[in-house]
Each structure stands twice: as C-alpha cells, then as structure tokens.
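Colleague: Got a minute to walk me through this one? I'd like to hear the reasoning as well as the answers.

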Amino acid sequence: MDPTISISKGCFVFKNGATKADAKHRSRNHKTSGKSSNFYSKELAKQPFYRVYSDTWQKLQSNILQMQATSNVRILEDLLNYVIKETQGKRRKYTNEILPTAALLTGINQSDHLQQFNTLSKRLKKKISVDVCVLQSRDCSSIKTAIESMVYNFLESEHNKQENSNGKRLRRSQCTIRQLKKWYHANWSSSNDTNDLEESNVDEVKKNHIKAFENHTLLVILPDFECFPPAVLQDLILILSSHCVELSIFLVLGIATSINAIHGTLPYHVTSKMKLRVFETQTAPVILNEILEKVILSTEYGFHLSGKVFKFLTNIFLYYDFSINGFIQAFKYCLLEHYFQGNAYSLCTNYSASLSHVKQLNHEDLECVRKQLSFRAYVEGLPPESIIAVLTDDEHLRKQLPALLKDCHLYFIIRRVFLEFLTVLVEDLPNCPLGKYRRELYAFSLSRNLSSQSEFKESWQLLQFLSREELISKITKALSITRNFLENSAQIHMKLFQYYAAVIQEKLDGVQRLLNSISEAKMFACNIVPEQKSPKNLKQFTSREELKTELLKMSKEEKPVSEYTKLVQELLSYIEEQIIDEHLGLLERAPALHELFIFSDINSVRRNIIGAPRASLHMALNNPHIYLQCSCCSLQENAQLLPTLPDISIAYKLHLECGHLINLYDWLQAFRSVVDFNEDDQEEIDTQIQARFTRSVAELQYLGYIKMSKRKTDHATRLTW
C-alpha cells in the first residue's frame, strides 16, 4: 500500500518536503539534461567564432577585474587596517559600550555595492578571523526581522554549516541575541562551559570569560544605508552597541549619497554610541573612464564599437544607473552578438591569430565576407580580370584576405594613437567643446565628420588664442604622450609595428618641425601700411558717402599678420588635414572589411538591453499565440476574438474598443458573448464566467491598464491609448 493512502483521514509528514524517490528522480533528470547541454556546449566550442569570442572575453574580463581590484586598493587597505586596529591586538575597553563603525561612501551606483562589500569580506577573511553578515533593507522591515536575519546569517554561514552539518538547524524565530551569544561563546572562547554561560548573567560574563575570548570579529554590513527605516536603524545600532562588550562586533555602513545622511537619520543619542570613521571610494565615472581607456579602447583587442552604440552604452551608464557591472554586461552582449553572426567574424582578433583563421573559412563564411558593404567598394576598385576571381574563386579570396586584414588592423591602431594626440589637445580647453574624455572623442569621431562640426571649429579657434608658451607646452605634451603610447603598443603588435610606426612618426615629425618654427617666430607684424591707405589721405573726401565706401573697402583688405600667427595657422591646418581628416574620419573611409571589426547594430542593443515592456505586454495580450505557441490561440487577424483565448487576452481586446470610461456591465456582457455565446441576453450570467471576468479585470488593473472610476461606481477608467 502507498504510505500516503490510509482508511482514516490523516496528515503525512515528509522531511524537507521530499522523499528519496523524488530526489533520485530529480538527480536522474539533472543528469539527462546535463548530457544534452554538454553535447550542445561541445558542438558550440568547436566553432571558430566561439573560440575567438571566449578568448577575447576572458582577456577583457581578467583585465577589467584587475583594474577594479587596483582602483580602490588604497581605500580598502585603509578600511582593513581600521577593522584590524579596532578588533585585533589590544582588546577594547569593555566598560565603554562604543560600537566601532566605518562609513564607506560608495556612490549612487547601488547595483555594484554588493560586489565591493564581497571583495572587502574576502580580503578580511584572509587576514583575520571574521564572520560577515550582509543585511539588506528588504530583509529589515522591523527590528525583529533585522535581528533574526543578522543572527541567522551568522549561525548559518558556509563556515558554520560545514562545522555543524550534523546539528539541528534553527528556525528564524529562534534567532535572537541570546542565541548569538551562546554560539559565540561556545565557538570562540577557550572555555566551552556553555551551561555556566547560559545561567550566568551579563556582568558575570564580562568578569569571568571576556579575557579568554579569541579575537574573532562579527562584521555587520549595511550596503544600502539610506533604504533602511530610521527607527530600525536606531534600534539596531543601540542593540549592537550594548552587546559589543561580549561580542566583537564591527559595523560597516554603505552610504550612497553623503555623510550627512548619517546625521540626518540618526539622532545624537545613537551617534554617540558609535566610533565613526569615513572612507570615500572613487566615483563610478572615474572608474569607468579607467576601464574604457586602459582596457576597452586598448589596441590589444580587434573588437570595436561604433560611435552610436558606444555613446548609447555610456548614456545608459551616466543617465540611468551608474553601474559599472551593468556597462560591462552590456558590452559583453555586444561582443556576443558580434561574434555569433558567423565564423567570418572569427577574423576579428589580433593579426597573427586571424591569419590562421583564414584557412578555416569555408564557402559560406567567404560568402559572408563578400556580402559586407565595404567589400563592394573594394571590388569596384579592382581591375576587371581580378573582379571575377575575387567573387567566384574562394582560394583567390583567401590569398587576398591577409592584406585586407592588415589594412584594417593598421587603420584602427593608427586611429587609436592619434585619438590620444587629439585628446591631449582639447581636453582642457574652456567649456571643452569636443569633450574632455577619450570616450567622448571616440564616439564623436566615429559618428560625425570632425572637421566640419562647429565644436571642432570652436576648439581650433580657442587653440589659436593661446599664448606661445601655452601652445608650445600643449603640443609638446601631446607629442610626448603619443610617442609613449606608440612605444607601449609595440609590445602588443610586433608584426605590424614597423608599418604603422613609420606613418605615425612621419606625422609627428611634421608637427615637431612646425612647432620648432613657432618657437623661433617673431610676434609682431612685418607688413607696412601703404602710403595711399594712410588715414591722412582720408581728409580729401568731401562727402560722407565717399568716406563710408572707402572705409568699407579698407576693412575688407587683409590686415598685416605676424609670422607667429601664420605658423600657428599652418600648424593647425597641418594637424587638421594630415591627422584628423586622414586618420580620424568617418568609417566610410575605412578599409574594406572593417565591418568585421566594428559592431554597429544599435537596434538590437536598444531592444535587448533597455527593452520595451509596454510593447511586449501589448503583443502578449493581443496575440498570445506568439508566446504560448498553441494551436487553440492561433489567430488569422490580430483583431479576431476566439473563446479559446486566455481570459485576460479577451478582456484586454474588448477594452481596446472602449473609450475613456468603460461600463463594467457592458464589458461583462461582451466578455460572456465571446466566452459562452448565447442568443438570450436576458439569461442570468453564469457565476463561473462572472468570476473569470472579475479576475481578468483585476489582472488588467494590476498591470496598469485600467483603474476603478471614482465618478461612477460601475465604470472603469482606461489608462492607456
């Protein structure tokens, strides 16, 4: 007989809500699903594009993690030293109930806060004996739930689970400060006489056992300080401070705004119980700029974002969430979307590796190469006898690909080097017309023609207004930074260095030659005003009209220009023509097959990263077959109504036919006519249909499509159009 079948009524209890048979069944299903997923992953891993994607992402991720680890290393070290100083070595003065507290100003990118505190807790565990509890505001609606969550996290941490794997687990309601003391004294005291500790009062604990405790710290982290209810915060801090005599507690507050948030939330009688020290981390935009300039915009990687996509991702970061992790994940999506277009995009890697991938391309991959827009311009420039061979002969195209890939790599490397030169020139100009960061200039130069923009002309005019010393120092600084950047890139692109270094060095030598001429030029004008144009001859005019005409003609004549001014104009014209127009122009001037290195599908990024929930809801309710994929919901027209559609879909389609106010009785009658058609309208409505209609209306109200009208009780107000 089945153990759950009985003649009499009864309650059958299964531990943990499952039997051994269920566990075996789940493990069997997990194994079978694991086999299928392993098969697909192995097949995917064999593809060249996936190998290139995986290698590129691993390099990017490791460099980004290393950059993030070093960005706040000084702040974290100071915080670690403060924790160690307050909890280790010399014991506290237990007569003073002062809670050591660190306030970490983390910035408003709250989605990244947990990652920072996880890094802090990991580094603390390596140096001292510590248990960490992260209390989030969603788990602390009251002081009771806050204490229960804190004690439960300490007692059920991974370290304690391994030690007490055979022990009985506590319920949340049993997690109290008394239980925390009992656990702390039992595990971190040289004397394990827990019975005496339970019977003894707090004063006896202080006198007899406090000296025998090891320096084990209980670290409590509140990552979202501003989101906590003020009353809960005050009570929690007072409780922790009163028990810090027996328990070595250290409090860390994650503050998103400023230190004034503490003084605005906590009164004096609470802050007087805290020994507070403030630590300030780097702001999110500063960290993002470092990641962009040193990792993502580095010449080490062949993958690049177009100007529109790059600006779109940075705008999401700057105007939405300030999340570094969110930006990295969005960049990862662009990387994934780019490489998953096919094996032809496996050529988007460093030059030496791309040459080996050329041999692995089959006919379909080469056809994908031929479909690129820039490839058409390349074919049109070939002699007639070569065009047929390039379009039809795969082997001939394979022989041409190394030269095309070499041109693309040289183009992007030279572009990045001269972007460094331009950034130094314009980053500190008044009002920064072109921007002050490399990311701004990168997006600007890829999406627009720089030299034709008003911002560029304003920047060039400001450069002309600089004094001789300022201009010489600025150009010299730009040349030195560009040469250093060029030397550093030589280690990454050893095979291509000799090709692009010659081009860059030639341009820089031209700038240096003109700069030397400017330093030796004279500041005054050498031209002399002709005798006939002197103001003395203006007395010969007898009428105002003749005088006005002559003055207007003189104003249009060229004024005497100094040698310095001519050389400055010549230098800026040289930079504009030889560097900016030639190497920082639009992508239309880029070599053939540059699409293999640039991701420009901004519609896909906007659709998948930001999303359109209202459009998705309308699509799901208007045509549920798209999501359900069932034959009963298949519609020939979008406006068609079938009784087999979900109730909420029927109610939604009917509400689209109404005006601002919807009569609930008429809506119910229309709903009934679709669900259960009956010619007799006077017949009483079935209670089941009425209940289904009520539930659909409640769901539409929850989704925000309607609300109950206050003007008419039997009407609903439509909220969307």
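What follows is a chat about the sheet, the aromatic pairs and a few backbone oddities.

Modeller: Sure, just keep in mind that this is a predicted model.

Colleague: Okay, the open sheet of five strands: what is the strand order?

Modeller: The pairing in this sheet is parallel. β2 (130–134) and β5 (274–280) each have a single partner strand, so they stand at the edges with one side left without a neighbour in the sheet. Put β2 at one end and β5 at the other, and the order reads β2-β3-β4-β1-β5.

Colleague: And by how much are neighbouring strands turned against each other on average?

Modeller: Direction is ignored for this one. The average turn between neighbouring strands of the sheet is 20°.

Colleague: Looking at β2 and β3, which residue in β3 does C133 stand opposite?

Modeller: β3 covers residues 217–222 and runs parallel to β2, with five bridges joining the two. C133 has its opposite number in β3, and that is V220.

Colleague: Which helix packs on the sheet and touches β1, β3, β4 and β5?

Modeller: Two helices are worth a look here. Helix α5 (residues 143–155) lies across β2 and β3, at about 140° to β2. The helix touching β1 (99–105), β3, β4 (249–255) and β5 spans residues 73–87, and its direction makes about 165° with that of β5; that's α3.

Colleague: On to the rings: how many residues apart in sequence are the parts that the pair Y53 and Y339 ties together?

Modeller: The structure holds 19 aromatic pairs, and Y53 with Y339 is a tilted one, at 6.4 Å centre to centre and 55° between the planes. Both rings belong to buried residues, Y53 with a relative accessible area of 8% and Y339 with 0%. Y53 lies in helix α2 (residues 48–71) and Y339 in helix α15 (residues 324–339), so the parts tied together are 286 residues apart.

Colleague: What kind of aromatic pair do F310 and Y442 form?

Modeller: F310 sits in helix α14 (residues 307–321) and Y442 in helix α21 (residues 438–447), 132 residues apart. F310 is buried at 1% relative accessible area, and Y442 counts as buried at 8%. The centres are 4.9 Å apart and the planes make 65°. Planes over 60 degrees apart count as edge-to-face, so this pair is edge-to-face.

Colleague: Which residue has its charged end over the ring of Y499?

Modeller: There are two such contacts to go through. R606 lies over the face of F312, at 5.2 Å from the ring centre. Over Y499, the charged end is 3.4 Å from the ring centre and belongs to K406.

Colleague: Is C432 buried or partly exposed?

Modeller: C432 lies in the loop between α20 (394–426) and α21. Its phi is positive, about 45°, although it is not a glycine. Buried means under 20% relative accessible area, and C432 has 23%, so it counts as partly exposed.

Colleague: And L593, buried or exposed?

Modeller: L593 is in the loop between α26 (563–583) and β7 (598–599). Phi is near 70° there, a positive value in a residue other than glycine. With 0% relative accessibility, L593 counts as buried.

Methods:
Residues are numbered from 1 along each chain as its sequence is written. This is a predicted model: local features need pLDDT of at least 70, side-chain atom pairs count only at pLDDT 80 or more; totals for chains, interfaces and linings use all residues. Side-chain values use heavy atoms; hydrogens and water are left out. Two strands pair if DSSP finds at least two bridges between them. Helices (H or I, at least four residues) and strands (E, at least two) are DSSP runs, numbered from the N terminus. Axes are lines fitted to C-alpha atoms, for helices over the stretch in contact, and angles run from 0 to 180 degrees between N-to-C directions. Contact means heavy atoms within 4.5 Å. Rings of Phe, Tyr and Trp (its six-membered ring) pair if their centres lie within 6.5 Å; planes under 30 degrees apart count as stacked, over 60 as edge-to-face and the rest as tilted. Buried means under 20% relative accessible area, exposed over 50%, partly exposed in between (1.4 Å probe, protein chains only). A charge sits over a ring if NZ of Lys or CZ of Arg is within 6 Å of the ring centre and within 35 degrees of the ring normal.
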